[in-house]
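Colleague: Got a minute? I'd like to go through this model with you.

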Protein chains: 2
Amino acid sequence: MSKSLERRDKLRVLLIEAAERAIAAKGLAGLKTRELAREIGCANGAVYNLVEDMDELILRVGSRTLARLDAALNLAESSIDASPTEMLVRIALAYCDFAAGNHELWRALFEHRMTQGKPVPEWALSEQMDLFRHIYRPLAGLFPKRPAAELSVTARTLFSAVHGVVTLGLEQKLIAVPIDALRAEIATIVRAMVVGLIAESARTPAMT
Amino acid sequence: MSKSLERRDKLRVLLIEAAERAIAAKGLAGLKTRELAREIGCANGAVYNLVEDMDELILRVGSRTLARLDAALNLAESSIDASPTEMLVRIALAYCDFAAGNHELWRALFEHRMTQGKPVPEWALSEQMDLFRHIYRPLAGLFPKRPAAELSVTARTLFSAVHGVVTLGLEQKLIAVPIDALRAEIATIVRAMVVGLIAESARTPAMT
């Protein structure tokens, strides 16, 4: 690799790390090209030699957040033998803890919208999709005969439901919830959803 | 009422309506004092004689959105006799339809954050809380012996879960979901949650 490419790669990493710190401190609204450029010691315009645009920069930070979330979920799964239901509860609680511990970076994953008309790039979509395996696996254990496409829908719905409880709980938009109470609510609702889905599939046995 | 107070009240309504149109068209980010002032024909600074600040303006628009949501939920409840479970399904579907039909205004309800350190005013909190009665009532029918404080937690959790499914479904952040598929998912997950919560309370009969 040429010296100038090496230097560019190094600066690019510094830029992404600076953006990560800015988002962690102040959210997406705290991301200012000028401040990032000053922090990594380059001209304002030079930032866009390092990333295509703000969307790419935010997605690269998101990629690091997702990798850490992935690691947290792997850890939650690795602890001991658990039933698929209890595995789903653990994963939901680990998700809640990660969101609480990385609030602004986690928020940014969902708050970011691409500049009008631009699609989310494939690499970023595929990283997001990949995380669903954490939910998909225990669900496949619960519903071994259910087709993959339906399991994917169920995985997404379960995730979205837990995400909603975590989001509104942490935002304290409606009522302030202490984290222990939030974790208890999450465990209750995940178990309820699983029990309900099992009961439903018992009524339509072809689907289980 | 003096002529000048009358004029102020009229302008204030025009301002809130202009802000509502701006948010509906472009989201919270589309709200610019200068454009609103031009639209209602007053000086930029005069906007802050009409509302305390941007937070109040956004909350007043939110108040109108909540009132329309309330009306939509009332309509969903009034149609025919339904079991408490099916009532919860209807309410969740009406919520989904409202969110889909008023996407930016509905998003703004959750996206808006008060300027640092300022609490949400009581009147706005109480309007938000009031809407929970739509979920609370059928839940009280399902769990007549459960204490009010616990029913409130359950109502909030159910709402948050449905909100998560609606939000991620409509944002199409993860996978594009056609609205009919989203409605089917919502009906499934609401029924599953209710069945699961009933099964759980059957294990702890004091709580039902």
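Colleague: Let's start with side chains. In what kind of pairing do Glu56(B) and Arg60(B) meet?

Modeller: They meet in a salt bridge, 2.9 Å from N to O. Keep in mind that this is a predicted model.

Colleague: Noted. Where do Glu56(B) and Arg60(B) sit in chain B?

Modeller: Both are in helix H4 of chain B, residues 54–78. They are 4 residues apart there, so about one helical turn separates them.

Colleague: Is Glu56(B) buried or exposed?

Modeller: Glu56(B) is buried, with a relative accessible area of 12%. The cut-off for buried is under 20%. Arg60(B) has 24%, so Arg60(B) counts as partly exposed.

Colleague: Which helix holds Arg107(B) and Glu111(B)?

Modeller: Helix H6 of chain B. They are 4 residues apart, about one turn of the helix. Arg107(B) and Glu111(B) form a salt bridge, with the closest N and O atoms 2.5 Å apart.

Colleague: And their exposure?

Modeller: Arg107(B) is buried at 8% relative accessible area. Glu111(B) is partly exposed at 28%.

Colleague: Which residues are joined into one network by salt bridges that share partners?

Modeller: Arg12(A), Glu56(A) and Arg60(A).

Colleague: What does Arg8(B) pair with?

Modeller: Arg8(B) forms a salt bridge with Asp9(B). The closest N and O atoms are 3.7 Å apart. Arg8(B) is partly exposed, at 32% relative accessibility. Asp9(B) is also partly exposed, at 32%.

Colleague: How many salt bridges does the structure hold over all chains?

Modeller: The total is 34.

Colleague: Now the interface. How many salt bridges are found across the interface of chain B and chain A?

Modeller: The rule finds 4. One joins Glu185(A) to Arg156(B), with the closest N and O atoms 2.2 Å apart. Between the two chains, 6 residue pairs are in polar contact.

Colleague: Which elements give two or more residues to the side of chain B that touches chain A?

Modeller: Four helices of chain B: H6 (103–111), H7 (122–130), H9 (148–171) and H10 (179–203). H9(B) supplies the largest share, 11 residues.

Colleague: What's the mix by class on the side of chain B that touches chain A?

Modeller: That side has 20 nonpolar, 8 polar and 8 charged residues.

Colleague: How many residues of chain B are in contact with chain A?

Modeller: 36 residues of chain B contact 36 residues of chain A.

Colleague: What area is buried between chain B and chain A?

Modeller: About 3,300 Å². Carbon and sulfur atoms give 65% of that area.

Colleague: What turn lays chain B on chain A?

Modeller: A turn of 180 degrees, with a shift of 0.0 Å along the axis. The RMSD is 0.0 Å. The two copies are therefore related as by a two-fold rotation axis. The same surface serves both copies, and 100% of the contact residues of chain B recur in chain A.

Colleague: Let's pick a single residue in H9. Where does His163(B) lie, and is His163(B) buried or exposed?

Modeller: His163(B) lies in helix H9 of chain B. His163(B) counts as buried because its relative accessibility is 6%.

Colleague: What is His163(B) in contact with, leaving aside its neighbours within four places in sequence?

Modeller: Across the chains, Leu168(A). Within chain B, the contacts are Tyr95(B), Trp106(B) and Phe110(B).

Colleague: Switching to chain A. How many helices and strands are there in chain A?

Modeller: There are 10 helices and 0 strands. Along its principal axes, the C-alpha trace spans about 65 × 40 × 35 Å.

Colleague: How much of chain A counts as buried?

Modeller: 50% of the 208 residues of chain A.

Colleague: What about contacts over long separations?

Modeller: Take the contacts in chain A with a separation of 6 or more. Residues 24 or more positions apart account for 68% of them.

Colleague: Last one. Where is Arg90(A) found?

Modeller: Arg90(A) is in helix H5 of chain A, residues 84–101. Arg90(A) is partly exposed, at 24% relative accessibility. Arg90(A) and Ala76(A) are 14 residues apart in sequence. In space they are 6.2 Å apart, C-alpha to C-alpha.

Methods. Residues numbered from 1 in each chain as written. Chains lettered and ligands numbered in written order. Predicted model: local features only at pLDDT ≥ 70, side-chain atom pairs only at ≥ 80, totals over all residues. Heavy atoms only, no water. Contact = heavy atoms within 4.5 Å. Buried area = accessible area lost by both parts, 1.4 Å probe. Salt bridge = Lys/Arg side-chain N within 4 Å of Asp/Glu carboxyl O. Polar contact = N/O pair within 3.5 Å; in protein donor to acceptor, adjacent residues only side chain to side chain. Nonpolar A, V, L, I, M, F, W, Y, C, P; charged D, E, K, R; others polar. Least-squares fit on C-alpha atoms with pLDDT ≥ 70 in both. Buried < 20%, exposed > 50% of the residue type's maximum accessible area, 1.4 Å probe, protein only.
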